[in-house]
Amino acid sequence: METIPNLGLGTWENTDPEACANSVQFALELGYRHIDTAQAYDNEPYVGEGIARADVDRDEFLLATKVHDEFSGLGYDRFYEAAGNRLDALGVDALDLLYVHWPIGRYEADETLPKLDRAVDDGITTHAGVSNFTIELLDEAIETLETPLFAHQAECHPYLQQEHLIEHAQEHDYYFVAYSPLARGDVLKDDVLTDIADKHDASAAQVSLAWLMGKENVVVIPKATGEAHIRDNWDARDLELDDEDVERIEAIEREERYVERDNAPW
Ligand code: NAP
């Protein structure tokens, strides 16, 4: 798969085995063609169960996961083996996209990225991605990787609009995957977003997602557990915002992060 479906299902904190498998199965059968998980989410087997149950062929959707350096299992010193373990955990033959989850711990471009290249060469994953990188780290990664950088995943929503990272993705021709695109649920309480939502007979979640999907090279991966939220987010693809809506959303930027890590690179 050479393109990323621009609306995927996030699964962080969806750790109840049955709920997680149901979310993934429901999303795939509704039409989602992009599923995002990670070694660190402790749910890859449940995501795999949802994939196995869904009446959708494996080659019809993009499956992305990530290798981390800090949690259970192998870290960046054994990145290649950790990548292979993702296949067992998910119960699949190959990944479509594998990310370096955070440039922290033992991450070193010269050490870690050749192992990601090897995972691509050996067919563990089709595409290579990185997550939570700065512009400097992205430039270094692009220079170091032999395989083209396919995606950068970073936090992005109306309160953290990431203009420079998105421009970098557009200039260098890779995808920008916006995580926490609902500001972890906070956009639902936002006066500006609910006002725009009322105008279009939509939800505030849909407004945030439609605004992000309207940008070139930008992909969203909202996490949703139950059928109502999964469906609500899916329907954001039909919402068209006007210039005034976009200007109002741009004005609520406040550079606020909802996801932090010790030793984060910013
Ligand atoms: P998010 O998608 O911004 O927000 C998720 C929250 O919004 C959940 O509480 C969810 O509730 C709720 N929600 C979802 N759709 C809704 C709707 N239509 N109406 C009302 N509420 C709704 O937060 P996130 O989980 O932080 O980010 C999304 C995904 O990005 C993650 O799941 C993960 O896959 C990825 N991510 C990656 C990183 C990284 O370091 N690379 C970091 C964070 C996140 P329910 O669960 O009850 O539906």
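**Exercise 1.** Decide whether Gln161 is buried or exposed, and find what the side chain of Gln161 reaches.

Solution. Step 1: Gln161 has a relative accessibility of 9%. Step 2: buried means under 20% relative accessible area, exposed means over 50%, and partly exposed lies in between, with a 1.4 Å probe and protein chains only. Gln161 therefore counts as buried. Step 3: Gln161 sits in the loop between β6 (149-155) and α6 (163-172); helices (H or I, at least four residues) and strands (E, at least two) are DSSP runs, numbered from the N terminus. Step 4: the backbone oxygen of Ile249 is reached by the side chain of Gln161 at 2.9 Å. This is a polar contact, a pair of N or O atoms within 3.5 Å; within protein, one must be able to donate a hydrogen and the other to accept it, and residues adjacent in sequence count only if both atoms are side-chain atoms.

The model is predicted: local features need pLDDT of at least 70, side-chain atom pairs count only at pLDDT 80 or more, and totals for chains, interfaces and linings use all residues. Residues are numbered from 1 along each chain as its sequence is written, and side-chain values use heavy atoms, leaving out hydrogens and water.

**Exercise 2.** State where Trp234 and Asp88 lie, and whether each is buried or exposed.

Solution. Step 1: Trp234 belongs to helix α9. Its relative accessible area is 12%, so Trp234 is buried. Step 2: Asp88 is part of helix α3 (residues 79-90). With a relative accessible area of 64%, Asp88 is exposed. Step 3: between Asp88 and Pro45 there are 8.5 Å in space, C-alpha to C-alpha, and 43 residues in sequence. For Trp234 and Val56, 178 residues apart along the chain, the C-alpha atoms are separated by 17 Å.

**Exercise 3.** Give the phi values of Asp42 and Asn263 and place both residues.

Solution. Step 1: most residues other than glycine have a negative phi. Step 2: Asp42, not a glycine, has a positive phi of about 55°, and lies in the loop between β2 (34-36) and α2 (44-53). Step 3: Asn263 also is a residue other than glycine with a positive phi, near 65°. Asn263 is in the segment after α10 (243-250), and is exposed with a relative accessible area of 65%.

**Exercise 4.** Describe the surroundings of the ligand: which residues come nearest, and which polar atoms lie by its oxygen atoms?

Solution. Step 1: there are 28 residues around the ligand, each with a heavy atom within 4 Å of it. Asp36, Ser180, Lys223, Thr225 and His229 come nearest. Step 2: the shell divides into twelve nonpolar, eleven polar and five charged residues. Here Ala, Val, Leu, Ile, Met, Phe, Trp, Tyr, Cys and Pro count as nonpolar, Asp, Glu, Lys and Arg as charged, and the others, Gly among them, as polar. Step 3: helix α9 (residues 227-234) gives the largest share of the shell, three residues. Step 4: a polar side-chain atom of His101 is 3.1 Å from an oxygen atom of the ligand. A polar backbone atom of Pro181 lies 3.4 Å from a ligand oxygen atom, and a backbone N or O atom of Ala183 is 3.4 Å from an oxygen atom of the ligand.
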